[in-house]
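Thanks for coming. I have one structure to go through today, and I will keep to the empty spaces in it and what occupies them. Please have a look at it first.

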Amino acid sequence: MTDARPAAVVVLAAGEGTRMKSATAKVLHELGGRSMLGHVVAAARALQPEHLVVVVGHGRDQVTAALAELDPQATTVVQAEQNGTGHAVRIALDGLDHVEGTVVVVPGDAPLLTPATLVALVAQHEAAGAATTLLTARYPDPTGYGRVVREGPDVLRVVEHKDADDAVLRIDEIATGHYAFAAGPLREALGKLSTDNAQGEEYLPDVVRLHKDAGLTVGGRVVEHWGETVGVNDRIQLAVAARVLRDRVNRAHMLAGVAILDPETTWIDVDVVIEPDATVLPNTQLKGTTVVRRGAVVGPDSTLTSTEVGEGATVRRTTADGAVIGAEATVGPYSYLRPGTRLGRGAKVGAYVEVKASEIGDGSKVPHLAYVGDATIGERSNIGAGTIVVNYDGRAKHKTKIGDDVRVGSNNSLVAPVTIGDGGYTAAGSAITNDVPPGALGVGRARQRNIEGWVERKRGKQGT
Ligand code: UD1
Ligand code: CA
């Protein structure tokens, strides 16, 4: 994305995140199906840095494990005590003592920042040959943030809210916490940070003043959309950020040709792929690595997790997880597709049907009130209403094999392991415990007998 690759990006993620009131480390809380750390690391990766270092402290085991999944190339350094953002960067640089060139610092709790903004920050920094370039934003309510003090166009320093006087508190331009630095001058300034401030911490923003006072070039870049820089400190801010991300994701899909009828109730994870001319109806969540192909209609009221919906398929009021739905297939309403479900072209899974680890071939139908588990069903077969595949004997799961052009009668129990051959039929109400050969009718129930006069003998004459 940029020809000027920074030497290093340092992600600050050692803070406690007390206000989340959670056993989960703050940066591991999710929005759009990805942790905050995942969003930040993805944006950092877009810069193609030589080193990507994450400073960890609180919840370091969780965070380190999550990072190993997200980005195995990234490294961590431990900040055992959180003595401030400047202290955190100082520790990160201890492990990068050979590094020269640009060092970018990003907070781990600002998940909405786009790669493009970071790229622009680095480009401006390097073009100006600056010692420090900080990202700034004008906030409608700057309460709590570090304020950017300027003299004309020049940035002089950043003053933390808790250290600010009334004049500074009236400034609405804040430091977002994102910086590009020249490695040498950064190292020098970090060695001079004091803790003589309201929080008794080494403040990274003090590097701005130290560089300015040393006569080095300091630049500021004001972001276009302040919303992308917001930090998340509690669950209210997390919900706000999640909505912003939702709108961003939905807009991108709509601009790419996807019909989303009610963007406010449609939640699509960042890794979901949707082809043009697909339609997403209200109250729908598409999660994980879900893929929706051209012309498919999903929703309303559906939650699909890592599920593939084939071209022209219809999926209404359905919960699906790890399923593959063939082209032109129809699912729902009130269907539950569990992992390992594969529906062929034009297959149908109807109302109140649960399917698990089963293949349902092209054109086959399970229209009503059924459970299908650990089964394969061939092509053009029909499973009657109320049928249960009895796959579990209390100890182990067994397989059921149903061929092509089979008709399973209503309300059958197919007791696995069992096979129904091609073209086989079963009678309604059967418990099928033995294989049914191709073309045969399996009858697994007692023959009906009628007992004449039974009611009168039992109860006496009606009405007496
Ligand atoms: C910080 C900035 C402030 C800026 C604001 C933007 C400082 C002193 N202040 O304030 O100028 O306006 O961000 O959101 O930098 N962290 C560590 N180790 C530490 C302390 C913090 O890794 O010892 C990490 C935190 O986990 C967090 C980030 O650094 O991801 C920012 O720290 P936080 O305490 O949230 O700083 P703010 O008070 O928000
Ligand atoms: Ca913060």
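What is the volume of the largest pocket? About 1,400 Å³, and please keep in mind that this is a predicted model. The lining of that pocket comprises 46 residues, and those closest to its centre are Arg 19, Lys 26, Thr 85, Asp 109 and Asn 233. By class, the lining splits into 19 nonpolar, 20 polar and 7 charged residues.

As for secondary structure, β1, α3, β6 and β10 each contribute at least two residues to the pocket lining. β6 covers residues 102–107. The largest share comes from β10, with 4 residues.

Now to the occupant. Where is ligand 1? The space it takes is the largest pocket, the one I have just described. Around ligand 1 there are 19 residues, and the closest of them are Gly 15, Gln 79, Thr 85, Glu 160 and Ala 175. Thr 85 therefore turns up twice, as one of the residues closest to the pocket centre and as one of those closest to the ligand. The elements that each supply at least two residues of this shell are β1, residues 8–13, α3, residues 85–94, and β10, residues 173–182. The shell is made up of 8 nonpolar, 9 polar and 2 charged residues.

Next, the polar contacts of the ligand. Two of them involve the protein backbone: a polar backbone atom of Leu 12 is 2.9 Å from an oxygen atom of ligand 1, and for Ala 14 the corresponding distance to a ligand oxygen is 3.0 Å. Gln 79 uses its side chain instead, with a polar atom 2.7 Å from a nitrogen atom of ligand 1. How much of the ligand's accessible area does the protein cover? On its own, ligand 1 has 750 Å² of accessible area, and the protein covers 83% of that.

That leaves the enclosed space. How many cavities of 30 Å³ or more does the structure hold? There is 1, and its volume is about 40 Å³. The cavity is lined by His 39, Val 40, Ala 43, Val 106, Ala 110, Pro 111, Leu 113, Leu 118 and His 178. Helix α1, residues 36–45, gives the most to this lining, with 3 residues. By class, the cavity lining has 7 nonpolar and 2 polar residues, and no charged ones. The pocket lining, by contrast, includes 7 charged residues.

That is what I had on the pocket, the ligand and the cavity. I am happy to go back to any of them.

Notes
Residues are numbered from 1 along each chain as its sequence is written. Chains are lettered from A and ligands numbered from 1 in the order in which they are written. This is a predicted model: local features need pLDDT of at least 70, side-chain atom pairs count only at pLDDT 80 or more; totals for chains, interfaces and linings use all residues. Side-chain values use heavy atoms; hydrogens and water are left out. A residue is near a molecule or strand if one of its heavy atoms lies within 4 Å of it. A polar contact is a pair of N or O atoms within 3.5 Å; within protein, one must be able to donate a hydrogen and the other to accept it, and residues adjacent in sequence count only if both atoms are side-chain atoms. Accessible areas come from the Shrake-Rupley method with a 1.4 Å probe; for residues, only the protein chains shown count as cover. On a 1 Å grid over the protein atoms alone, a cavity is a set of points where a 1.4 Å probe fits but cannot get out, and a pocket is an open set with protein on both sides within 12 Å along at least five of seven lines; lining residues have an atom within 4 Å of a point. A molecule sits in a cavity or pocket if more than half of its atoms lie within 2 Å of its grid points. Ala, Val, Leu, Ile, Met, Phe, Trp, Tyr, Cys and Pro count as nonpolar, Asp, Glu, Lys and Arg as charged, and the others, Gly among them, as polar. Grid points are joined across faces, edges and corners, and a volume is the space filled by probe spheres set on the points.
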